[in-house]
Every structure is written in C-alpha cells, then in structure tokens.
Amino acid sequence: MSKIVASAGEAVADITSGCRLAVGGFGLCGIPDALIAALAASDVTDLEVISNNCGTDQHGLGILLASRRIRRITASYVGENSEFARQYLSGELEVELTPQGTLAEKLRAGGAGIPAFFTPAGVGTPVSEGGLPWRYAPDGSVAVASPPKEVRAFGGRRYVLEEALTADFALVHALVGDTDGNLVFDKSARNFNPLAATAGRVCIAQVENLFPAGELDPAHIHVPGIFVDRIVHTGRQTKRIENRTIAQER
C-alpha cells in the first residue's frame, strides 16, 4: 500500500479527540506546521501532547493551545509562549515539565520497546521526590501534583526511575523523504523528530522534498521507512525564528 497521502488534512483525518500525540521539532525548527494547521482546522480537542516545547503564541503547537485543543502537555521548555503560562497558572492546562535529556530518552525508550530506565537527572529534586504542580486549581492551589518516583543506587550513585513514553500518533517534519517513508532531517530538526517518529504507533511525516524509493543513500537515512506510516509532500517550509538577535551597526 502507498504511504503517500494527498494533503495534510487527509493525513490527520483519523486523529480524534483525546488522542496522545508525539510532536517533533526544536523550538520552531523542524516543526510539523502543516500537520498542526490541519489539526487546528478540524474539531479535535482534549489532546495530550508530548513535545520538547509548545511553540510560540502564533506558531506551531501554540495554534492548538490558543484554540483550547490541548488538555495536557509533557515538555521540557515552555518559555516562549505567554498563553501557555496563562493556561497553566489558571488551571486550564495540565503540564508535566521534564528535563530535556530525560524527555528525549523517554521517547527513544518508548520507540525501542523499553518500558523504563534509570537516570541521575532530577535526583534529590521534586522531579524524583514528587510535588511538582501538574495542574493548578482556579484559586492558585495545586490541584494535581507529580507523584514520587523510585530512586535506586548503582555504584554508589543514586538514580531515578523514569517510564518511557509512547503516543497514538507521531507528527514529524523532514527535509527529505522517499515514497517508502525513509526520512532525513536537517540540523537541529534532528533533535526530537526522530525520537517522536519512533514513539508513535502511527507516524505521519510531512516532507519538504520527496523522492522515489531507492534514490536516497541508505547511509544517510535518519529514520527508516518501517517506522513511518503516512507521508505528505508539503514543499519548502517557511523558516521562523523565535528570537531574532542581530549585531548593531557601529
């Protein structure tokens, strides 16, 4: 069966309310913007999202957030989205903040079929001891807090047990793909897209450049096509910058 679908809307048509999504991208770099826009044009809601961050107020996952489509998000960085902060602090959004390396490994482990792993990151902090606010009540009190996690010593050093993450669907963006689903990512876009791709039970990829199967060098493939279920050719992506910093003329 062909993995090629005609449009982003067709690619995400079976994503329903309440689904868990693993979404690739690093900041606004390599985000699956066409797939996110297609979801925003649908009526899905109560989504649970796993992503390094939640975009900005106007771009990426911030579009779904602004239209109240996201119920819960697991992320490591959320500092570029004022609406995110507002919803979280007012009790409208559940948030599980996770150390960035831990989040990456939780997705990688999920894709590899590893249920859990031990890491030193977060030992001796609320990450391991519990009590991080996941959801606030409207009056500002903590409605839902993170539970404590198992801590064990190996070689005289303490480690915390972290469970792997999987998702119903993975949404990713690739610079290059072929009709078999083999994907190649560009620079920083490689940080979380491959991890999200393998963690999703159904992986949907938007690609800028699409080639016939067999034309890509196997040595350069970042995600093999066996992990990818659907491909939509979206063409060249507009590159956006979260904070533009330029030198002042003297």
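Q: Is phenylalanine 154 buried, partly exposed or exposed?

A: Happy to start there, with the reminder that this is a predicted model. Phenylalanine 154 has 36% relative accessibility, so this residue counts as partly exposed.

Q: How many disulfides does a search of the whole structure find?

A: First the general idea: a disulfide is a covalent bond between the sulfur atoms of two cysteines. In this structure the search finds zero disulfides.

Q: Why is there no bond from the sulfur of cysteine 54 or from that of cysteine 203?

A: Distance is the thing to look at. For cysteine 54, the closest cysteine sulfur belongs to cysteine 29 and is 17 Å away, too far for a bond. For cysteine 203, the closest one is in cysteine 19, at 15 Å, again too far for a bond. As for accessibility, cysteine 54 counts as buried at 1%, and cysteine 203 counts as buried at 0%.

Q: How do I read aromatic pairs, and how many are there?

A: A pair of aromatic rings is described by the distance of the centres and the angle of the planes. The count here comes to four aromatic pairs. One of them is phenylalanine 26 with phenylalanine 192, a stacked pair with 6.4 Å centre to centre and 10 degrees between the planes.

Q: Where in the chain do phenylalanine 26 and phenylalanine 192 sit?

A: They lie 166 residues apart, so the pair links distant parts of the chain. Phenylalanine 26 is in the loop between β1 (20-23) and α2 (33-40), while phenylalanine 192 is in the loop between β11 (183-184) and α7 (193-199). Phenylalanine 26 counts as partly exposed, at 28% relative accessibility, whereas phenylalanine 192 counts as buried, at 5%.

Q: What kind of pair do phenylalanine 154 and tyrosine 159 form?

A: Their ring centres are 5.7 Å apart and their planes meet at 70 degrees, so the pair is edge-to-face. Together with Phe118, these two residues form one aromatic cluster.

Q: Which residue lies over the face of tryptophan 134?

A: That is arginine 72, at 4.7 Å from the ring centre.

Q: Which residues touch the most other members of the largest nonpolar core?

A: In soluble globular proteins, nonpolar side chains tend to be buried together. The largest nonpolar core here has 31 residues, and Ile15, Leu21, Ile73 and Leu171 touch the most other members. The largest share, four residues, comes from α2. Beyond its neighbours within four places in sequence, leucine 21 is in contact with residues including Ile15, Leu39, Val49, Phe169 and Leu171. Another core, of 23 residues, lies apart from the largest one and has Ala104, Ala196, Ala199 and Ala205 among its members.

Methods: Residues are numbered from 1 along each chain as its sequence is written. This is a predicted model: local features need pLDDT of at least 70, side-chain atom pairs count only at pLDDT 80 or more; totals for chains, interfaces and linings use all residues. Side-chain values use heavy atoms; hydrogens and water are left out. A disulfide is a pair of cysteine sulfur atoms within 2.5 Å. Buried means under 20% relative accessible area, exposed over 50%, partly exposed in between (1.4 Å probe, protein chains only). Rings of Phe, Tyr and Trp (its six-membered ring) pair if their centres lie within 6.5 Å; planes under 30 degrees apart count as stacked, over 60 as edge-to-face and the rest as tilted. Helices (H or I, at least four residues) and strands (E, at least two) are DSSP runs, numbered from the N terminus. A charge sits over a ring if NZ of Lys or CZ of Arg is within 6 Å of the ring centre and within 35 degrees of the ring normal. A nonpolar core is a set of buried Ala, Val, Leu, Ile, Met, Phe, Trp, Tyr and Cys residues joined through side-chain atoms within 4.5 Å. Contact means heavy atoms within 4.5 Å.
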